[in-house]
Amino acid sequence: SFRYPFIETLCSILFVLCIFASPSSIGLTNEVVLLVAGWLLSSFLISLSFIDLDYLWLPSCLTKSAILSGIVCTLCSSLFSLNTYNHVFIINNICASIIGFLSFRFFSFLIKKIIKKQGLGNGDANLAALAGSFLGLTGLEISVVISILIAGLFSIICLTKGILKRGAYIPFGPFMSISILSVWLLGNDFWLRRL
């Protein structure tokens, strides 16, 4: 299958790009922790994206492991840093993870009440928590905006071309994953200047 070499190549490219990453949500003083965090994030997001594409499902065992990894990486970065300001990242990322989860669950509840149909699954809420654990509150907000824009553009194009039927489910995980990685690699300031 073409998919196997494609995933291997994609993973390799992302691992190399992580060397040059400049996320705004973790202390940049320890390059090893930063690199390992990027590799973990990339690995989780690749796996979750392809599972969501195949099954419209984001396994909680993967998303919860990724959330924990984000918190641990932020904690390690702060512990190995001599800069006391870096300890703020731990609180920010934990709060962002909780806010991401709760806001997606609330939004899912509203959608279900309004249109009587599931709009977002539990996995999407976990993915938002994952984003918060790695990106912090500002990064979470940016990644949500980017993912909504990309998913909306994709949906409009597919609907007008007849690829998607009206009311069909689309996996939101890959769009969220692309936005999370882009915020991780380029940092908040890059996106705040463009959004």
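What percentage of the 195 residues in the chain is buried? In this predicted model, buried residues account for 44% of the chain. The fold contains 7 helices and 0 strands, and its elements follow one another along the sequence as α-α-α-α-α-α-α. The C-alpha trace extends over about 55 × 40 × 35 Å along its principal axes. For a compact globule of 195 residues a radius of gyration near 16 Å would be expected, and the value of 17 Å found for the chain agrees with this. Of the contacts between residues at least 6 apart in sequence, 76% connect residues that are at least 24 apart.

Helix H6 comprises the 14 residues 173-186. At 1.5 Å a residue, H6 should span 20 Å, and the separation of 20 Å between its end C-alpha atoms agrees. Because 12 of its 14 residues are buried, H6 is largely enclosed by the rest of the structure. The buried set consists of Gly173, Pro174, Phe175, Met176, Ser177, Ser179, Ile180, Leu181, Ser182, Val183, Trp184 and Leu185. The packing partners of these buried residues are helix H1 (3-19), helix H2 (31-55), helix H4 (87-115), helix H5 (122-161) and helix H7 (188-192). After H6 comes Gly187, which has a positive phi near 85°.

Helix H5 presents another geometry. A straight helix of 40 residues would span 58 Å at 1.5 Å a residue, but the end C-alpha atoms of H5 are only 30 Å apart. H5 contains a kink of about 125°, and this kink is centred on Gly136. Just after H5, Gly162 adopts a positive phi of about 80°.

Two serines of H5 illustrate its contacts with other parts of the chain. Ser143 belongs to helix H5 and, with a relative accessible area of 0%, is buried. When residues up to four places away in sequence are not counted, Ser143 touches Ala131, Leu135, Met176, Ser179, Ile180 and Val183. Among the residues touched by Ser143, Met176, Ser179, Ile180 and Val183 also appear in the buried set of H6. Ser147 is likewise located in helix H5, and its relative accessibility of 0% places it in the buried class. Leaving aside neighbours within four places in sequence, Ser147 is in contact with Phe172, Phe175, Met176 and Ser179. Ser147 and Ser133 are 14 residues apart along the chain, and a distance of 17 Å separates their C-alpha atoms.

Aromatic side chains form a further set of interactions, with 6 aromatic pairs found in the whole structure. In one of them, the ring centres of Phe15 and Trp39 are 5.3 Å apart and the ring planes meet at 10°, so the pair is stacked. Phe15 lies in helix H1 and Trp39 in helix H2, so the pair ties together parts that are 24 residues apart in sequence. Phe15 is partly exposed, at 26% relative accessibility, and Trp39 is also partly exposed, with a relative accessible area of 31%. Elsewhere, ring pairs join Phe2, Phe6 and Phe50 into a cluster.

Charged side chains are also found over aromatic rings. The charged end of Lys117 is positioned over the ring of Tyr169, at 5.0 Å from the ring centre. Arg194 lies over the face of Phe190, and the distance to the ring centre is 3.8 Å.

Backbone conformation is notable at two loop positions. Most residues other than glycine have a negative phi. Leu56, although not a glycine, has a positive phi of about 50°. This residue is situated in the loop between H2 and helix H3 (60-79), and its relative accessible area of 47% makes Leu56 partly exposed. Lys116 is not a glycine either, and has a positive phi of about 55°. The loop between H4 and H5 holds Lys116, which counts as exposed at 68% relative accessibility.

Definitions and conventions. Residues are numbered from 1 along each chain as its sequence is written. This is a predicted model: local features need pLDDT of at least 70, side-chain atom pairs count only at pLDDT 80 or more; totals for chains, interfaces and linings use all residues. Side-chain values use heavy atoms; hydrogens and water are left out. Helices (H or I, at least four residues) and strands (E, at least two) are DSSP runs, numbered from the N terminus. The expected span of a helix is 1.5 Å times one less than its number of residues. Buried means under 20% relative accessible area, exposed over 50%, partly exposed in between (1.4 Å probe, protein chains only). Contact means heavy atoms within 4.5 Å. The bend at a residue is the angle between axes fitted to the seven residues ending there and the seven starting there. Rings of Phe, Tyr and Trp (its six-membered ring) pair if their centres lie within 6.5 Å; planes under 30 degrees apart count as stacked, over 60 as edge-to-face and the rest as tilted. A charge sits over a ring if NZ of Lys or CZ of Arg is within 6 Å of the ring centre and within 35 degrees of the ring normal. The radius of gyration is taken over C-alpha atoms; the globule rule is 2.2 Å times the number of residues to the power 0.38.
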